[in-house]
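User: I am new to this structure. Please show it to me, and then let me ask how its labels are earned.

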Amino acid sequence: MLKIDNLHVRAGSREILKGLTLEVAPGQVHAIMGPNGAGKSTLGHILAGREGYEITEGSVTYQGKDLLALEPEERAAEGVFLAFQYPVEIPGVNNTYFLRAALNAQRKHRGEPEIDSMGFLKLVRQKLSVLHIKDELLNRAVNVGFSGGEKKRNEIFQLAVLEPTLAILDETDSGLDIDALKLVAEGVNLMRSPERSFLVVTHYQRLLDYIKPDVVHVLADGRIVQSGGPELALELEQRGYAWVKDRIAPGATA
Amino acid sequence: MSPAATSPLVEALDAQAVALAATGGAATPALAHARTTAREAALAHGVPTTRSERWKYTALRALAARRFEAPAGRPAVDLKVVADIPTPRLVIANGRYAPALSDLHALPEGLRVRLLSEVLRDAPAEAAAWLATETRHDDAAFQQWNGALADEGFVLEVEPGVRVATPLHLVVIGVEDGADRAFHLRHRIALGAGAALTVAKHHLGAGAHRHLLNTVLHVELGEGATLTQARVQREADGATLIQRTQATLGTNAHYRRLDLELGGALSRHELDVALAGDGAQLDANGVLLADGRRHLDTRLGIEHRAGNTRCELTWRGLGAQRGRAVFHGGILIAEGADGSNATLSNKNLLLDDGAEIDTQPVLVIHADDVQAAHGATVGRLDATALFYLRARGVPLAEATAMLTAAFLREPLAVLGNEALETALATTLDARLAAAASTRA
């Protein structure tokens with residue numbers, strides 16, 4: 001599904017990712033944990049196609065394609081979805097209108113027929129009922145006037161409507177209280193399937209109580225320093241990231 | 001006499017004035033006096049130059065070098081040109097009233113509609129008073145020429161207490177007819193105490209003409225009167241429009257207006273509003289869509305002359321290709337206008353390197369206990385928002401169009417008339433789609 005090989009990324013003069021290697025198989029949920037500044041959010045942005053980064057070395061292959069060669073909208077149409085850590089407010093653009101435009105642009109790219117407004121409304125209602133999202137959010141401008149929790153749930157709602165193949169959740173748990181966190185996790189769990197993979201980027205182990213990962217990676221100083229099963233997340237929680245930093249120190253200076 | 005008086009433009013306009021006088025354009029001494037006074041003032045002013053602070057960003061050199069002919073009867077215009085404009089509808093084409101395009105069947109009760117040509121014929125003293133209206137500015141050559149030459153226009157009056165619900169549509173069309181012509185229109189909208197009216201004015205172009213339209217509009221709102229006015233300028237790409245709006249608002253009067261500047265080669269609009277009565281309120285919003293080689297210049301001159309007056313001004317500009325948008329937001333809160341409230345926002349999008357935006361908010365306060373806020377920005381589309389849309393699959397061109405439309409639609413809400421707002425949003429979107437296709 002996704003193969004990241006020795007990825008080096010620079011933003012300005014700062015090297016953020018320093019040889020990141022990672023492979024995600026279809027249907028798997030991988031968690032990426034790590035201290036602040038480790039490059040977690042950069043990884044999400046790079047995969048979604050954000051400008052402003054320079055890839056100096058390495059490659060990203062997604063379903064056999066060179067992902068880095070695609071425009072952001074092409075990646076989305078190919079099934080890559082990034083749930084933003086900070087969902088963007090867009091005054092004047094209606095949430096439903098935006099989402100339908102996005103879905104139809106993706107369908108068009110894939111050679112599928114467009115969905116008319118009736119069909120889209122039906123799809124939306126079905127997704128909303130599962131996610132416990134209020135109808136009224138649909139008629140507002142994208143993320144404008146949404147609470148922190150509503151913004152994050154709107155991301156998951158978009159995920160549910162767009163049905164990507166690879167979903168990257170960038171600190172979707174940040175700023176959420178426990179109830180909101182459970183709702184978001186429930187939405188994600190409903191979306192799990194043998195064809196869909198998740199990359200869950202998080203600082204805290206808490207989210208992983210609700211979204212059970214198959215693999216946990218620790219990202220520190222721009223590379224994966226340790227990978228393991230769900231128990232690795234618990235170990236991190238107990239011992240803190242300092243433990244990881246100590247472990248990588250010799251390699252980092254090499 | 002000013003050296004500018006020798007320019008081809010001035011010579012041509014003066015020839016029009018001489019011809020008008022010769023054909024009995026001034027039926028009474030009062031009217032003749034008004035015409036002559038205006039003509040002399042216009043000749044003395046000459047064509048404004050960029051040395052004048054009020055014209056600093058709008059050069060008229062090319063216009064001054066051109067000649068224009070006088071109106072020449074009613075042009076033939078296909079009814080299709082106005083087909084999408086609702087009725088009741090009054091149409092002026094190439095400076096002449098066009099009854100075949102107009103439709104006054106559903107003219108609301110209590111609204112008196114006349115043409116300036118009728119008033120000049122039947123009540124010349126009344127017309128003379130309007131034409132002689134003093135201007136506050138010493139570089140008002142076009143307004144003076146208008147006084148000397150205006151021979152057509154819409155004159156709308158609403159009796160006190162009459163609240164007209166049906167919107168009236170006014171259409172001014174420039175029609176290609178083989179010559180470059182200058183038209184001088186003088187409109188007047190007067191609402192009695194407690195009266196209400198909604199007016200939508202459309203500037204349209206039929207064919208690739210290069211006419212000059214010189215318009216003056218007087219607005220007088222009595223105590224507690226409400227005027228809602230939309231103006232949509234989508235003239236031909238070669239058209240020149242010079243417009244002055246002079247409004248005076250009485251106690252607790254409310255003037256809501258929206259200006260969409262979407263067409264023309266050069267369009268200058270001076271919107272002068274005097275909040276003369278206590279509690280008078282102005283909500284004036286607008287959009288300047290300067291793409292192609294269009295030059296759009298809007299100059300607000302808002303004067304708070306009485307206490308507790310309010311103005312709220314929301315303007316959006318777009319500069320693309322080699323277009324230029326000029327915005328001056330002048331607000332004066334005069335001595336004694338205590339407790340007044342003024343808000344001005346002018347945000348602009350600069351899409352291409354060849355485009356230019358000049359924005360200048362000017363706030364002068366001589367009163368106490370005043371709340372005033374103004375802001376002007378020029379920027380590009382929000383890169384984060386653009387990425388967000390693209391990351392969801394919306395292609396770059398569509399995402400750009402979506403954000404641009406959202407940005408420019410903000411001023412439309414001012415009218416408080418959903419049907420009108422929806423129609424104008426559609427017009428704006430269509431215009432943006434056309435702009436996007438020429439940029440692509």
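Analyst: Below are short questions and answers on two chains.

This is a predicted model: local features need pLDDT of at least 70, side-chain atom pairs count only at pLDDT 80 or more, and totals for chains, interfaces and linings use all residues. Residues are numbered from 1 along each chain as its sequence is written, while chains are lettered from A and ligands numbered from 1 in the order in which they are written.

User: What makes the radius of gyration of chain A agree with a compact globule?

Analyst: The radius is taken over C-alpha atoms, and the globule rule is 2.2 Å times the number of residues to the power 0.38. For 254 residues the rule gives a value near 18 Å; chain A has 18 Å, so the two agree. Its C-alpha atoms fill a box of roughly 60 × 40 × 35 Å along the principal axes.

User: Why is strand β16 of chain B called mostly covered?

Analyst: A residue is buried if 20 or more other C-beta atoms lie within 10 Å of its own, exposed if 12 or fewer, and partly exposed in between; C-beta atoms are placed from the backbone. In β16(B), residues 324-333, 8 of the 10 residues are buried.

User: How do you know that β14(B) and β16(B) pair?

Analyst: Two strands pair if DSSP finds at least two bridges between them. β14(B) (residues 295-304) and β16(B) have 10, in the parallel sense. One of the bridges joins Leu296(B) to Ala325(B).

User: Which strand with residues 356-365 also pairs with β16(B)?

Analyst: That is β18(B), again parallel, over 10 bridges. There, Ile333(B) has Ile365(B) as its bridge partner.

Conventions: Helices (H or I, at least four residues) and strands (E, at least two) are DSSP runs, numbered from the N terminus.
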